[in-house]
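Got your viewer open? Here's a short tour, one selection at a time.

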Amino acid sequence: MYTIRLYLDEVKTKMNVDGSGLFVLSSVLFLTGCLAALLAYRSGRLSNLCAMVCALAGTGVAAVVAASVLAVGDAVSLQLPACLPLGGFTFRIDALSAFFILAIAVLAIPVSVYSIGYNREYFDKPQFPLAGALYNLFLLSMIMVVSANDLLTFLIGWELMSIVSYLLVVFERDRKESVNAGLLYIIMTHIGTAFIIVLFLLMASRADSVSFDLFRMIKTMGLPPGLRNALFACVLVGFGTKAGIIPLHIWLPQAHPAAPSNVSALMSGVMVKTAIYGMVRVLYDFLGATSNGWGAIVLACGVLSAILGVMYALQDHDLKRLLAFSSIENIGIILMGVGVSLIFAAHGAAPLAAVALIAGLCHVMNHAVFKGLLFMATGSVMFGTHSKNMEKLGGLIKNMPQTAFFSLIGSLAISALPPFNGFVGEWLTFQSLLAGFGSVGIFIKILFIVCTALLALTGSLAAACFVKAFGITFLGLPRSGHAEHAVESPLAMRAGMGILAALCLLLGVMPAIIMKPLSGVAAALCGVDVYEKLCGWGWLSVAPLDIRFSGASPAWILALIGIFAAVIFLLIRLRFGRIKDVVSATWDCGIPSVTPRMEYTATAFSQPLKIVFKAIYRPVKNIEVLSHETQPYFEKISKYEHTVQPIFERYLYRPIARFVISNSIKIINLQAGSIHMYLAYIFVMLIGLLLFVR
Amino acid sequence: MEKVILVIIQVLLIAGLSPLVNGLTKKFKSLMVGRRGPRIFQPYYNLGKLFRKDSVISAHASWIFRAAPWIVFAATLSAGLLVPVWSVGTPLHFLGDVIVVAYLFGFARFFMACAGLDTASAFGGMGSSREMMVSALIEPAFLIAMFSIGIQFGTMNLTAIAREASYSLYHIFSPAFVLAFAGYFIVLIAESGRVPVDNPDTHLELTMIHEAMVLDYSGKRLALMEWGNYIKQFILICIAVNLFAPWGLCAELTPVGVAAAAGLFAGKVVVCTFCVAAVEILNAKIRLFRVPDLLMVSLSFSFLSFLYAIFAGK
């Protein structure tokens, strides 16, 4: 890492360009991409290529800025001339922003390469130029959000991000589900934005300014507890809606599947992480982590989201919705790390807080990588088979071998299996929960124990879920004509997936690559640099503060598995000779042959767990039998449906929606249509304001 | 250098002794029901026979089916390096702790479950589905029991725990340890696929879980899958005897220490195998949807043990 730092210093002095200049360059590149995509509306290929090349260039430049900030340590600031009432555009990229920009770049570069091939699907639609244009705007808005340094920049970036992603969700406007999903998404995200606006306005009134630099002073001012708790509630609801915490998650499983796969990859991979950025920024940087209760609430929300997210993912047989629920689960795990960190910071145990924060943020990066990979693989499956319903797929490993391989790597990574990158984040989260029992109170101890057990359960359920997703989709026999005639996706798509798969392995085997920048982030927020204790032990190991307590080295594990497999292979080959295979049919119990109908289905695979957890799922079984008219005992068609009840929609949101609608209908009476009534309202309101608000 | 020798001896012991432990289990089960039973070295002969045979492979199988036995064997054997077997001289702190062991088993299980789905056979899918259910519920119990013991000794590395435990022997009679052992014993039964959770001697679709996943394997690949299963069971027994009865674990390579360690270890493994066989004989296999109840009992024991360890200390 030291050599990389020296190299970057050299590059900086040679190029003699300021970080802020590069930041402006990257924004200009995104806007160019947007315009180029729109201008080249006559040719789909040209529009797509221009857009993606500009996106790649813009992301690359932004990544260079971020990497230089992380390596060198000083923040990059940029102030554009003030042009709006509540403040101009100020940007500041410090360690935390740089890390999130790096996460965006790490995902956006492969996704852009992938989109060069994937957007072919939309060339015949009239709205195709928007695909590239909106994509560039989306990336620009996300980078704007994480690098904003004042209220208005943040809010403008946030709104832009929401609206552009809404337009991308309803991109396939002929499909009714996309339009409905987009509507739900825009409503939920604006509820969240309302809370964020309230939050920032309260903080601005307290700090007497709109600049984030002065917001940082809030933690040194004393705040009344009522105001503090109100601010925390606004943070939780506002950013939680975007992140998809349960119970604010209902838009996620509908919106992410409705968008095109490359956009879903970005939405699940980095857009929900901007909410995590907001939470960490406000709770650590602006308000200061001094309250135990907040950390406990964040931890509880995290563990609830994790366990329910994975449970609903298990029962889904729509590939993209399964991945969306799995994103909810991983956001839960990230929030667990952040919550534990807040608790330790409130108790004053700064090294432990740093480790927990690093665990949560490490999972941010890792999740972006493997979720992006899985969404891209799903897009590739849809490209080749025109179906994302697992029950209609199967046997794709024969016709789409590379997609299957990359999907296998993604599934192994998301199940947190060593030596891939998901393991390191989850392992560190465990360690941060276990290492701190000495410093916390009784209630928090019990909470930690419960959360550890539930985290273990989440991990094992996630493995079950992805065995199902990978096995049913790619293995066995094809269950429909679409799957039988699948074609492998074009090279650009495979290249994008390959980059991320290689990253999954690289980040898993050498966790020090992430730990170094993350230690810088944690040092800025918690005050202590734990890199030496985390990774200073051995080049390829990671340890939570004390190697005597625990340690893990995914690189060595990979090496051991490889060595043992090679040794046993050689021994058997030398002693017993080559394996002679006779290819024959699968054992079929004497029935003429095995057909795809005899295979296990996705519903069948997860049915045991559906029955075990039926208190949560409340499944409803529906069997319809249609018999012959003259022979009632012989069935012609039988239909079996075993569904999971949507608990949150039915018991939480529908009553709220009914309440809002019924009250709105009552309030309609105010709109009598008579101009005299309206003038009377204005008069009364004016008198009231003059009397009470001076 | 001494550490490298200890590591190599450990690998050879695990790979070499595990079929013997399986044979012992079968022998005990037979003797207890009044039969003579197969000889205790029979599993070695079975493995040798399978290695010499050709294999029949399904036309629908892909490279995952072909590669899974090697991965399962290698991953399980790697997990064996992280547990205390006969000596506690090589904690290998940097390599992994109990979480790594659990997730390495998970890695092997992922490939086994995929291999079950690969042949498009209903038996394989059924085995994979049931195995994922049982493993999803048993893993929290395993981890919490191990965490509870680890917290008391200030380390999560299993070999280091065994070393610490062997210095202060009266700890193993504390309530936390007893409860953890109760939870762990059920984990041992469930993860090695023994009655009452799974029946390793049957191929009836009503009753098989692990056997269903390896049903389509034959020849050398079946030998590797079986051997991997023996190794996993041996590792779980080693954890049981070395963490919960840590007498006679040697830390240096002295002749007296090694001989004593070997003898005591053999004795402890024989006793533990006898207990496992007794549990198999005295219980019937329970219905699949009663298995979660048993696993929840195990989780409760582990949870109580953890609570005791945190609030009452050693």
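How many Å should the 23 residues of helix 23 of chain A span at 1.5 Å a residue, and how far apart are the end C-alpha atoms? Select residues 554-576: the expected span (1.5 Å times one less than the number of residues) is 33 Å, and the ends sit 32 Å apart, so the two agree. Helices here are DSSP runs of H or I of at least four residues, and strands are E runs of at least two, numbered from the N terminus.

A quick word on what you're viewing: this is a predicted model, where local features need pLDDT of at least 70, side-chain atom pairs count only at 80 or more, and totals for chains, interfaces and linings use all residues. Residues are numbered from 1 along each chain as written, chains are lettered from A and ligands numbered from 1 in written order, and side-chain values use heavy atoms, without hydrogens and water.

Stay on helix 23 of chain A and color its buried residues (under 20% relative accessible area, 1.4 Å probe, protein chains only), including Ile557(A), Leu560(A), Ile561(A) and Phe564(A). Just after this helix, click Gly577(A), which has a positive phi of about 85°.

Now hop to chain B and pick Arg194(B), in the loop between helix 7 (175-191) and helix 8 (210-213). Arg194(B) is buried, at 5% relative accessible area. Show its contacts (heavy atoms within 4.5 Å): beyond neighbours within four places in sequence, they include Asn22(B), Lys29(B), Gln233(B) and Glu280(B).

Definitions and conventions: Buried means under 20% relative accessible area, exposed over 50%, partly exposed in between (1.4 Å probe, protein chains only).
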